[in-house]
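Q: I am new to this structure and would like a close look at one part of it. Please start with a single pair of neighbouring elements, then follow the links outward from there.

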Amino acid sequence: MLSPNQTMVTEFVLEGFSENPSLRLLLIGCFLTLYTMALIGNIVIIALVTSSTGLHSPMYFFLCNLATMDIVCTSSVLPKALLDLIVSEENTISFNGCMSQLFFLLWSLSSELLLLTVMAYDRYVAICHPLHYNSRMSPHMCGALALGVWSICALNASVHTGLMTRLSFCGPKVITHFFCEIPPLLLLSCSPTYVNSIMTLVADAFYGGINFFLTLLSYGCIIASILRMRSAEGKQKAFSTCSSHLIVVCVYYSSVFCAYVSPASSYSPERSKVTSVLYSVLSPTLNPLIYTLRNKDVKLALGRLLSSFSH
């Protein structure tokens, strides 16, 4: 409940990187380059998967979904961050704009974590149960899994955003970040944030705990199955089909754990900005490169696409 001398905040100020003005031009160049690479790389992945019949398999179907969510993730953060760096004045964002940014960021982040788990399960079935792969990962099942990921994570983002809109913000209004995120927003609330903190812990336990365990379990079974193979060529082929995904999992989970799996009271703006760049900017940029450079099928499809443009 607001006291008579308190007013509701209708907009926030994003602190961004204003404490380091000397880095402004460098950050503009880096962010613009990374955003362009992320957009082009993920759009190319989507184009390759949809246009190449050789990539019409469950693994690439889920990769296409991952690329879509990478675009949503980086586009929910970087355009506003770039605008604030270029204008370099008081960088405000409306309350509704902040909540919209929070929704799309949470939706994309949780979807990527859940998709990585689904992709790990796909590789587990392909390597450990190859004879049952077509039946277990049928087009109907893949579609249901993808729809489930998008729907569950949209619900998760809606719950957290809805809970945030119920809080009272009566000042201060400076968000110690370059985009709207749960921890710095909770620190600005002048109403109890107990329910928000509990739901954040529940989400952390599910996305950062259960999903991470299931991903590790899948790869534990995959590695055990590969080690039991007698053929060195078979081992190499089996490992090559999941090595790219494993690299993406390691990069993504390490950055998300650093940013989110900690109580709001121990929130560090400097650490959060660095880790946020990793999962919202660098990861969407690296994912297409990792899957393209380490995947023979994708490289062949890319070569055919480029040759079709050259003729």
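A: Start with helix 2 and helix 4, whose axes come within 9 Å and cross at roughly 165 degrees. This is a predicted model. An angle over 145 degrees counts as roughly antiparallel. Helix 2 and helix 4 are therefore roughly antiparallel to each other. Their crossing is left-handed. Sorted by class, the contact between helix 2 and helix 4 holds 16 nonpolar, three polar and four charged residues.

Now follow helix 2 to another partner. Helix 2 covers residues 58-75, and helix 1 covers residues 24-51. The axes of helix 1 and helix 2 come within 9 Å. They cross at roughly 155 degrees. That angle makes helix 1 roughly antiparallel to helix 2. The crossing of helix 1 and helix 2 is left-handed.

Who meets whom here? From helix 1 come Tyr35, Ala38, Leu39, Asn42, Ile43, Ile45, Ile46, Val49 and Thr50. From helix 2 come Tyr60, Phe61, Leu63, Cys64, Ala67, Thr68, Asp70, Ile71, Thr74 and Ser75. By class, this contact of helix 1 with helix 2 counts 13 nonpolar, five polar and one charged residues.

Stay with helix 1 and pick out Asn42, which sits in that helix. Is Asn42 buried or exposed? Asn42 counts as buried, because its relative accessibility is 2% and the cut-off for buried is under 20%. Beyond residues up to four places away in sequence, Asn42 touches Ala67, Asp70, Ile71, Pro284 and Pro288. Ala67, Asp70 and Ile71 are among the helix 2 residues that meet helix 1.

Helix 1 also holds Leu48. Leu48 has 1% relative accessibility and therefore counts as buried. Which residues does Leu48 contact, once neighbours within four places in sequence are set aside? They are Leu55, Val298, Ala301, Leu302 and Leu305. Take Ala301 from that list. Leu48 and Ala301 are 253 residues apart along the chain, yet their C-alpha atoms are separated by 6.4 Å.

A further link runs from helix 1 to helix 10. Ala38 of helix 1 is part of the contact with helix 2. Ala38 and Leu286 are 248 residues apart in sequence. In space they are 7.6 Å apart, C-alpha to C-alpha. Leu286 belongs to helix 10, residues 269-293. Unlike the buried Leu48, Leu286 is partly exposed, with a relative accessible area of 31%.

Next, return to the other half of the opening pair. The largest nonpolar core has 82 residues. Its residues with the most contacts inside the core are Phe12, Phe31, Cys98, Met164, Phe169, Ile175 and Leu185. Helix 4, residues 95-128, gives the most to this core, with 18 residues.

Look at Cys98 in that core. Setting aside residues up to four places away in sequence, Cys98 touches Phe12, Ile93, Ile175, Cys180 and Leu185. Phe12, Ile175 and Leu185 are also among the core residues with the most contacts.

Ile175 leads on from Cys98. Where is Ile175 placed? Ile175 lies in strand 3, residues 174-175. Its relative accessible area is 0%, so Ile175 is buried. Leaving out neighbours within four places in sequence, Ile175 contacts Phe12, Val13, Leu14, Glu15, Cys98, Cys180, Pro184, Leu185 and Leu188. Val202 is 27 residues from Ile175 along the chain, and their C-alpha atoms are separated by 24 Å.

Met164, also on the list of core residues with the most contacts, leads to helix 6. Helix 8 covers residues 194-227, and its axis comes within 10 Å of the axis of helix 6. The two axes cross at roughly 160 degrees. Helix 6 and helix 8 are therefore roughly antiparallel to each other. Their crossing is left-handed. On the helix 6 side, the contact is made by Ile152, Cys153, Asn156, Val159, His160, Leu163 and Met164. On the helix 8 side, it is made by Val195, Asn196, Met199, Thr200, Ala203 and Tyr207. By class, the contact of helix 6 with helix 8 has nine nonpolar, four polar and no charged residues.

End on Ala144, which is found in helix 6, residues 139-165. Ala144 counts as partly exposed, at 40% relative accessibility. Ala144 and Phe169 are 25 residues apart along the chain, and 40 Å separates their C-alpha atoms.

Terms used. Residues numbered from 1 in each chain as written. Predicted model: local features only at pLDDT ≥ 70, side-chain atom pairs only at ≥ 80, totals over all residues. Heavy atoms only, no water. Core = buried A, V, L, I, M, F, W, Y, C linked by side-chain atoms within 4.5 Å. Buried < 20%, exposed > 50% of the residue type's maximum accessible area, 1.4 Å probe, protein only. Helix = DSSP H or I, 4+ residues; strand = E, 2+ residues; numbered from the N terminus. Contact = heavy atoms within 4.5 Å. Axes fitted to C-alpha atoms, helices over the stretch in contact; angles between N-to-C directions. Parallel < 35°, antiparallel > 145°, perpendicular 65-115°, else oblique. Left-handed = near helix turned anticlockwise from the far one by under 90°. Nonpolar A, V, L, I, M, F, W, Y, C, P; charged D, E, K, R; others polar.
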